[in-house]
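Reader: I would like to learn how to read a metal site and a helix pair from a model. Could you take me through them step by step?

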Amino acid sequence: MGSDIGPSPRLAVGIDLGGTQIRGALIDETGAVLHRAVMATAATEGAEAVVAQIADLAGVMSREAPSPVLGIGLSAPGPLDAANGIALATPTIAGFTDFPLARAVEARSGLPVLLENDGIAAAIGEWRFGAGQGADHMVYATVSTGIGGGIVSDGRVLRGRMGMAGHIGHMTIVRDGALCACGHRGCFEAHASGTAFLRRAREAAAGDPPSRLQASEGALSAASVFEAAEAGDALAGRLVEEEAELLGLGFASLLHLYSPQILVMGGGMSRQFARLGPLVEAAMRRAALAPFRAVPLVAARLGDNAGLVGAASLLFEADRFSRGA
Ligand SMILES: [Zn+2]
């Protein structure tokens, strides 16, 4: 090996498996997305159907590649045993219980597969190529329908037992609180995710105080609540402030736990970062111990591509290690 070092960058396939969509991309080692495609996840058709979809997408990406790809970096919803390539208990995809996902995709695609929990994959993407570049200590939090994340500490990715570290959405922040998708109550995700925000907005819009939110009831979205807040609607403004308080509370715990230099916020709710970000940062600082208050909260830079790029980049690292460099 080593004789192939030349001007053309190495290539890998990144796959981001979600409960509703599977997205695939051809990625080079600078983090550039050269080609991409998306399909609806066959989430109810069994594990082998999803494996076939992943292999098909990888095949499309391989055929677009000007040189052979190193393999597939697969980002998938947890919890999964990333070290052994096993989907342990993914509630959104049928058949993903103790399922040897990496091995099944390898068999079907003929390519090496590295599996990563989706929060960690996105954290790696933002760390290597996005908002966290150059940081030795970084926390990435994705706030979307759920809350997930990943941690870089002392210059390396924190994976923990079975590669499951960083399930930050399931920190309990309220005893006997709101019911979480995981079955427990009071999780950070159950109170501060985009889903929880929208639930509070719907409840508030159904209540008494006159608000623009009532006009859009039914078609209410997170974006429409932020728009109303921007237009001076008092109820919408209070909902945004409450969301910021909840996120700030959880993020302050992350500062205390991991002492990052930077906290990066991604996911659908980060599209509202212009208004939400400064409020969350202020709430985080109020809840943090004094020595932690200088840590900045910044918006993720790679958007939907963070997981794809992060997962694909695992292949470049694995390749480097196997060469002994
Ligand atoms: Zn939970």
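Author: Let us start with a definition: four donors count as tetrahedral if all angles lie between 85 and 135 degrees. Please keep in mind that the model is predicted.

Reader: Which protein atoms are the donors of the zinc ion, and what are the angles among the four donor atoms?

Author: In general, the ideal angle for four tetrahedral donors at a metal is 109.5 degrees. Here the zinc ion has as its protein donors the ND1 atom of His170 and the SG atoms of Cys180, Cys182 and Cys187, which lie 2.0 to 2.4 Å from the ion. The angles among these four donor atoms are 102 to 119°, and the site is therefore tetrahedral.

Reader: What spacing do the donors follow along the chain?

Author: Along the chain the donors of the zinc ion follow H-x9-C-x1-C-x4-C. His170 and Cys180, ten residues apart, are both in the loop between strand S11 (156-157) and helix H4 (188-192).

Reader: Is Cys180 buried or exposed?

Author: Cys180 counts as buried because its relative accessibility is 5%, whereas His170, at 31%, counts as partly exposed.

Reader: How do the axes of helix H5 and helix H7 cross?

Author: The axes of H5 (residues 194-205) and H7 (residues 222-230) come within 9 Å and cross at roughly 60°, so the two helices are oblique to each other. Their crossing is left-handed, and the residues that meet are Phe197, Leu198 and Ala201 in H5 with Ala222, Val225 and Phe226 in H7.

Note on methods
Residues are numbered from 1 along each chain as its sequence is written. This is a predicted model: local features need pLDDT of at least 70, side-chain atom pairs count only at pLDDT 80 or more; totals for chains, interfaces and linings use all residues. Side-chain values use heavy atoms; hydrogens and water are left out. Donors are N, O and S atoms within 2.8 Å of the metal (3.2 Å for Na, K and Ca); water is not among the atoms, so sites may look incomplete. Four donors count as tetrahedral if all angles lie between 85 and 135 degrees; four count as square planar and six as octahedral if opposite donors are over 155 degrees apart and all others between 65 and 115; anything else is irregular. Helices (H or I, at least four residues) and strands (E, at least two) are DSSP runs, numbered from the N terminus. Buried means under 20% relative accessible area, exposed over 50%, partly exposed in between (1.4 Å probe, protein chains only). Axes are lines fitted to C-alpha atoms, for helices over the stretch in contact, and angles run from 0 to 180 degrees between N-to-C directions. Angles under 35 degrees count as roughly parallel, over 145 as roughly antiparallel, 65 to 115 as roughly perpendicular and the rest as oblique. A crossing is left-handed if the near helix is turned anticlockwise from the far one by less than a right angle, and right-handed if clockwise. Contact means heavy atoms within 4.5 Å.
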